[in-house]
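Here's a quick tour of a model, with an eye on its empty space and on one of its helices. Have a look at the structure first.

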Amino acid sequence: MKPRRFDIPPFLIFVVCILSTSVAKTATVDESARAEGEVVLYSSLNNEQIVTLVDAFKKKYPFIKPSFYRATSERVLQRVLTEAKAGRYAVDVFTAAGFQLQLMKEAGLTQKFVPAEAAAYDEGFKDPDGHWINVHSLLNTMGYNTQLVRPSDAPKKYEDLLAPKWKSKIGVNLQDPEWYVNLQRRWGKEKARGFLKALAAQQPAVRDGHNITAQLLAAGEFQVVTNTYAHILARIKGQGVPVQYVLDEPVITYIHLVALAKSAPHPNAGKLLMSFILSVDGQKMLRDQGRIPGLREVDPKVFSLRQVKLFASDPALAKEYAAAGQEMRAIFGVK
């Protein structure tokens, strides 16, 4: 009796080939990273946050030795530019504020890499060209002193600050041209300029810095503040300080990015590190360290953002900050 012949459908053969190729590619990245044996990170995260991420990464990939350089976003940018000019390429992965990382991209120092984790990140929070993805967010917010302002009387929208009752009771952070540029994106330049002029007519107290405006709000120096960071107010509110943030949706959101270096000496290990930082586990670590995760499905500790509309600040507009900052100071009569 002749053995029975079983024909395998061509479609099934195709599916098996695709799956085999996918597995092979994944294995190749891991195997190549193992051969590279190390990875170098330049980051503007604080030291404790970097150490937590790096230690967890090392535990997951014990065959890769991670090392890092920690500095402000501006110093990370300057170090990268200096090393590139000297022909020295030591870094694999960067994390920095949107402005600085966008400048790295424009200088040709980043490369396209879209990890699988990127699919879970919202549009506007990842580069349309595939060079960067948001690691953590900073929400620009109004706020008020709860001992001086009742919740029912508090402003809900930026325009509410123009009511006569707020005259001489407002604090404005002038060291924030990114806020003004994004108001222009939301409203158009003329409306945003008109708003700032009307706000200046309210005779506000002007200060430089998100932290100082939050601290002075808490101290009662003014009753409301136009632009500080939500996580600062949420954190000190949790310590018993009489403040409350107000999220005017869509909330202007500053982004801090991660990217793979163009001339990474350990590109495969760099891809694994970048994917790890963007993963649920990596984002939870940043959440537990007080950051607002870039991954929306991981809620920050201080508040939920699941139903909040966010407005990502476009890093490509950073070239407008200098002029916007000068205009802000001119409008408020500050040199």
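How many cavities of 30 Å³ or more does a search of the whole structure find? Two turn up. Keep in mind that this is a predicted model.

## The overall picture

Let's start with the protein as a whole. The protein has 335 residues, and 51% of them count as buried. It contains 11 helices and 12 strands. Taken along the principal axes, the C-alpha atoms fill a box of roughly 95 × 55 × 40 Å.

Now for the contacts. If you take those with a separation of 6 or more, 75% are between residues 24 or more positions apart.

## The largest cavity

Back to the empty space. The largest cavity has a volume of about 100 Å³. It is lined by 13 residues, and the closest to its centre are V80, Y89, V91, F94 and L109.

By class, nine residues of this lining are nonpolar, one is polar and three are charged. Which element gives the most to the lining of the largest cavity? That's α3, with three residues.

## A closer look at α3

Helix α3 covers residues 73–85, which makes 13 residues. At 1.5 Å a residue it should span 18 Å, and its end C-alpha atoms are indeed 18 Å apart, so the two values agree.

Which residues of α3 are buried? They are S73, V76, L77, V80, E83 and A84. These residues cover an arc of only 140 degrees around the axis, so they sit on the same side of α3. R75, T82 and K85, on the other side of α3, are exposed. V80 thus appears twice: it is buried in α3, and it is among the residues closest to the centre of the largest cavity.

What do the buried residues of α3 pack against? Their partners are the strands β1 (38–43), β2 (65–70), β3 (93–97) and β10 (251–261), along with helix α4 (98–106). Just after α3 comes G87, which takes a positive phi of about 75 degrees.

## The second largest cavity

The second largest cavity has a volume of about 70 Å³. Here, too, 13 residues form the lining, and I292, P293, R296, L305 and L310 are the closest to the centre. Two elements, β5 (133–145) and β11 (292–293), give two or more residues to this lining.

How does the lining of the second largest cavity divide by class? Eight of its residues are nonpolar, three are polar and two are charged.

Technical notes: Residues numbered from 1 in each chain as written. Predicted model: local features only at pLDDT ≥ 70, side-chain atom pairs only at ≥ 80, totals over all residues. Heavy atoms only, no water. Helix = DSSP H or I, 4+ residues; strand = E, 2+ residues; numbered from the N terminus. Expected span 1.5 Å × (residues − 1). Buried < 20%, exposed > 50% of the residue type's maximum accessible area, 1.4 Å probe, protein only. Arc of directions from axis to C-beta. Contact = heavy atoms within 4.5 Å. 1 Å grid on protein atoms, 1.4 Å probe; cavity = no way out; pocket = protein on both sides within 12 Å on 5 of 7 lines; lining within 4 Å. Points joined across faces, edges and corners; volume = space filled by probe spheres on them. Nonpolar A, V, L, I, M, F, W, Y, C, P; charged D, E, K, R; others polar.
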